[in-house]
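Here are some exercises to work through with the model open in your viewer. Try each task before reading its solution.

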Amino acid sequence: MQYKDYYKTLGVPRGATADAIKKAYRLLARKYHPDVSKEANAEEKFKEVAEAYEVLKDPEKRAAYDQLGTWQPGQDFRPPPDWDRQARGFRFESGGPGGGFDFSDFFSELFGGAATGGRRAQGFATRGQDVEATVELTLQQALHGTEANFQLAVPEMDASGHLHRMPRQIKARIPRGVSDGQVMRVPGKGGRGFGGAPDGDLYLKISFRPHALFRAVEHDLYIEVPVTPWEAALGATVDIPTLDGHARLKISAGVRAGQKLRLAGKGLPKPGGHGFGDLFAVLQIAVPGSLTEKEKSLFEDLARCSRFDPRRHFGGS
Amino acid sequence: MATHEHTDIVVVVEEADEIGLAELAELSGLNAESLQELALAGCLGSVRGTETEWSFGSRSITIARRARRLQTDFGLDENALVLALTLLARMDELETRMRELECQVLR
């Protein structure tokens, strides 16, 4: 197996104090924790940091690790003949940082193998790990339902109690009626259980790909509809796109910018066949960027004869 | 070590039944008291039922699992955990909105 330099992982010298090790871990945990980090490979890096801290925070494990001697990271390595992990009786705590369950072969061989092997010998059963994945859908796919294909690395324990990430191809049939951000739990489709314990669950988070025109909020859709000043003032009927075609939108005279007009049932399907959400047309008043001489003259006439004051509520100030 | 090949798993995704507090504790690794605090603080998403008989959907489970990871990995107490979850949820909303706006600007 290949040697792992835990001090280098945490960026501390070999003689670092416990406090310095703790501070280094906290700094790196904030940087790479998969729930808060946007760094590339954050999950993988966090696992390395968590594993290093799991050993170096514990005086016994740290002392045993130091006795392995100094090796180069990645160097082929065997523990010294007199280094006997069994005699040390290390305990594998699943409550440690990183969940304590997905450590490297290096860690498992030196600090975890005895514990997990012992557990297995005692008939210890471990529920399979839960697995999370995000499935990105277009609005069209959400409208009709779809099949999503993707690969996951699912943690599974082998016969000797070591954890490995096994590639698994998933074909998920996503029904109509899902909404953005929805999480769907699929029981028993996560990592395999050990020792007769149940398999873990698969959690699929639905994420809608942004659309150029429509915004989804639950099962409703929103579209910004620009109208001309004369359409807003006089009223009009305009064509707007819907997710599966077109619709005619009747605009009453005197509408305001930001006003929402509802097209019932033109949104996304609701689950269980319970109808559809609505489409909301949000009106925006668009002014021409440049005017012909005639258009300018007409606007100037209107400015002269109109008594409309949109700032009347400002008062005299 | 035996080699493992890819395994095709066909999954029909349906909304699983809602679960109670005890099952949520089991699935998330948090104790019932912590979950109650998070539910009362509004951190577990949509929660149905009364305080004596709550039911939780899949989204609550993933939030609770996230809470457990944050609590374990950062040593957060309950107040800090509520704050962290609230801010992370807000960040998720803002990032979603930002992606939508970027898409519309590019049009």
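**Exercise 1. A pair in one helix**

Is A:Arg304 buried or exposed? Once you have that, find its salt-bridge partner A:Asp301 and work out how the two are placed in sequence.

*Solution.* One thing before we start: this is a predicted model.

Step 1. A:Arg304 has a relative accessible area of 62%. The cut-off for exposed is over 50%, so A:Arg304 is exposed.

Step 2. Now the partner. The side chains of A:Asp301 and A:Arg304 meet in a salt bridge, at 2.5 Å from N to O.

Step 3. A:Asp301 comes out at 36% relative accessibility, so it counts as partly exposed.

Step 4. Both residues sit in helix H9 of chain A; because they are 3 residues apart there, about one helical turn separates them.

**Exercise 2. A nonpolar patch on chain A**

Stay with helix H9 of chain A and find the nonpolar surface patch to which it contributes. Which residues form the patch, and which helices each supply at least two of them?

*Solution.*

Step 1. The members are A:Trp230, A:Leu234, A:Leu291, A:Phe299 and A:Leu302, and together they have about 510 Å² of accessible area.

Step 2. Helix H8 (229-234) and helix H9 (293-305) of chain A each give the patch at least two residues.

Step 3. Take one member as a check. A:Leu234 lies in helix H8 of chain A, and its relative accessible area of 69% makes it exposed.

Step 4. For the backdrop, chain A has 9 helices and 11 strands. Of its 317 residues, 41% count as buried. The accessible surface of chain A is about 17300 Å², and 50% of that belongs to carbon and sulfur atoms.

**Exercise 3. A bridge inside chain B**

Which parts of chain B does the salt bridge between B:Glu18 and B:Arg48 tie together?

*Solution.*

Step 1. Start with the distance: the closest N and O atoms of B:Glu18 and B:Arg48 are 2.8 Å apart.

Step 2. Next, place the residues. B:Glu18 is in the loop between E1 and H1 of chain B, and B:Arg48 is in strand E2 (residues 47-48), so the bridge ties together parts that are 30 residues apart in sequence.

Step 3. Look at the cover. B:Glu18 is partly exposed at 33% relative accessibility, and B:Arg48 is partly exposed too, at 47%.

**Exercise 4. Where the chains meet**

Describe the contact between chain B and chain A: how many residues does each give, and how much area do they bury between them?

*Solution.*

Step 1. Count residues: chain B gives 39 and chain A gives 49.

Step 2. Add the area. The two chains bury about 3900 Å² between them, with 54% of it on carbon and sulfur atoms.

Step 3. Turn to the polar side. There are 7 salt bridges between chain B and chain A, and 9 residue pairs in polar contact, both residues being at pLDDT 80 or more.

Step 4. Ask which elements of chain B are involved. Strand E1 (8-12), helix H1 (21-28), helix H3 (58-74) and helix H4 (78-106) of chain B each give two or more residues to the side that touches chain A. The largest share, 12 residues, comes from H3(B).

Step 5. Pick a residue from that helix. B:Thr62 is in helix H3 of chain B and, at 13% relative accessibility, counts as buried. Leaving out residues up to four places away in sequence, B:Thr62 touches A:Glu132, A:Val183 and A:Tyr203.

**Exercise 5. One bridge and its network**

Where do B:Arg65 and A:Asp130 lie, and which network are they linked in?

*Solution.*

Step 1. Over all chains, a search of the whole structure turns up 25 salt bridges. The pair here crosses between chains: B:Arg65 is in helix H3 of chain B, while A:Asp130 is in the loop between helix H6 (105-121) and strand E1 (131-137) of chain A.

Step 2. Their side chains meet at 2.8 Å, N to O. Both residues are buried.

Step 3. Widen the view. B:Arg65 and A:Asp130 belong to a network of salt bridges that also links A:Asp35, A:Arg127, A:Glu132, A:Arg185, A:Asp201, B:Glu23, B:Arg66, B:Arg69 and B:Asp92.

Notes:
Residues are numbered from 1 along each chain as its sequence is written. Chains are lettered from A and ligands numbered from 1 in the order in which they are written. This is a predicted model: local features need pLDDT of at least 70, side-chain atom pairs count only at pLDDT 80 or more; totals for chains, interfaces and linings use all residues. Side-chain values use heavy atoms; hydrogens and water are left out. Patches are made of residues with over 30% relative accessible area and no salt bridge: like charges are joined within 9 Å, nonpolar side chains (Val, Leu, Ile, Met, Phe, Trp, Tyr) within 5 Å. Accessible areas come from the Shrake-Rupley method with a 1.4 Å probe; for residues, only the protein chains shown count as cover. A salt bridge is a side-chain nitrogen of Lys or Arg within 4 Å of a carboxyl oxygen of Asp or Glu. Helices (H or I, at least four residues) and strands (E, at least two) are DSSP runs, numbered from the N terminus. Buried means under 20% relative accessible area, exposed over 50%, partly exposed in between (1.4 Å probe, protein chains only). Contact means heavy atoms within 4.5 Å. Buried area is the accessible area (1.4 Å probe) that two parts lose on being put together, summed over both. A polar contact is a pair of N or O atoms within 3.5 Å; within protein, one must be able to donate a hydrogen and the other to accept it, and residues adjacent in sequence count only if both atoms are side-chain atoms.
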